[in-house]
Amino acid sequence: MAERFTKSAARNIFYGGSLFFFVTFVALTIHSHYYIRTTSTDEATLSDSVARGKHVWERNACINCHSLLGEGAYFAPELGNVWVRYGGREDAEGARTALIAWMQSQPSGVEGRRQMPQFNLTDAELNDLVDFLEWTSRIDTQGWPPNQAG
Ligand code: HEC
């Protein structure tokens, strides 16, 4: 046995194994990108306002308190499904109005309750944000978050 496991056999196993797993890794990466673009997100409805809303989200660092699809801080509610929580699937206009009114009326000042700052966003920024949150709620997260409260 010992004499059959030569140096070149070891080298071939090393190179062969490395190549095999490298190719597997590249194939899985390509598949993930393909899946993200064609299945889990709705790229066709990714409008300018959704992109602008994401920039408003980033400029104001909402992620410092909130999580979005599980990523972010756990000080404030998950917002990946806030659109669904506000009934956006049944009544889109009602959910838009309610979300904007919520953001405009912060901080609530209710004692003992965590507070969200007032960001003084313009109507356009608020609408873009809602478009972004609405679009995000349609990402196929395979069941995340596990309940409506996030
Ligand atoms: C300093 C922390 C903080 C930051 C930054 C912050 N929020 Fe909040 N947000 C909160 C807290 C706390 C609540 C829950 C308050 C409550 O329930 O009274 C909340 C609640 C919300 C809600 C309602 C959630 C629900 O389920 O009712 C929305 C929508 C929201 N935030 C949007 C945003 C957006 C958009 C931004 C960025 C522009 C942002 N927040 C930035 C702290 C923050």
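**View 1. Burial across the chain.** Of the 150 residues in the chain, 18% count as buried. This is a predicted model. Contacts tell a second story. Take those between residues at least 6 apart in sequence: 64% of them join residues at least 24 apart.

**View 2. The order of the elements.** The chain holds five helices and two strands. Read from the N terminus, they run α-α-β-β-α-α-α. The radius of gyration is 23 Å, well over the 15 Å that the globule rule gives for 150 residues, so the chain is more spread out than a compact globule. The C-alpha trace spans about 80 × 40 × 30 Å along its principal axes.

**View 3. The annotated span, residues 48–137.** An unreviewed UniProt entry labels this stretch "domain: Cytochrome c". Within residues 48–137, 49% is helix and 4% is strand. The end C-alpha atoms of the span lie 17 Å apart.

**View 4. The shell around the ligand.** In this view, 24 residues surround the ligand. The closest are Cys62, Cys65, Ala76, Arg114 and Met116. Sorted by class, the shell has 16 nonpolar, five polar and three charged residues.

**View 5. Helices at the ligand.** Look at α3 (82–85) and α4 (92–104): each supplies at least two residues of the shell around the ligand. Which element gives the largest share of that shell? The answer is α4, with three residues.

Terms used
Residues are numbered from 1 along each chain as its sequence is written. This is a predicted model: local features need pLDDT of at least 70, side-chain atom pairs count only at pLDDT 80 or more; totals for chains, interfaces and linings use all residues. The radius of gyration is taken over C-alpha atoms; the globule rule is 2.2 Å times the number of residues to the power 0.38. A residue is buried if 20 or more other C-beta atoms lie within 10 Å of its own, exposed if 12 or fewer, and partly exposed in between; C-beta atoms are placed from the backbone. Two residues are in contact if their C-beta atoms, placed from the backbone, lie within 7 Å. UniProt positions are given in the numbering used here, feature names are shortened, and annotations may be inferred rather than shown by experiment. A residue is near a molecule or strand if its C-beta atom, placed from the backbone, lies within 6 Å of it. Ala, Val, Leu, Ile, Met, Phe, Trp, Tyr, Cys and Pro count as nonpolar, Asp, Glu, Lys and Arg as charged, and the others, Gly among them, as polar.
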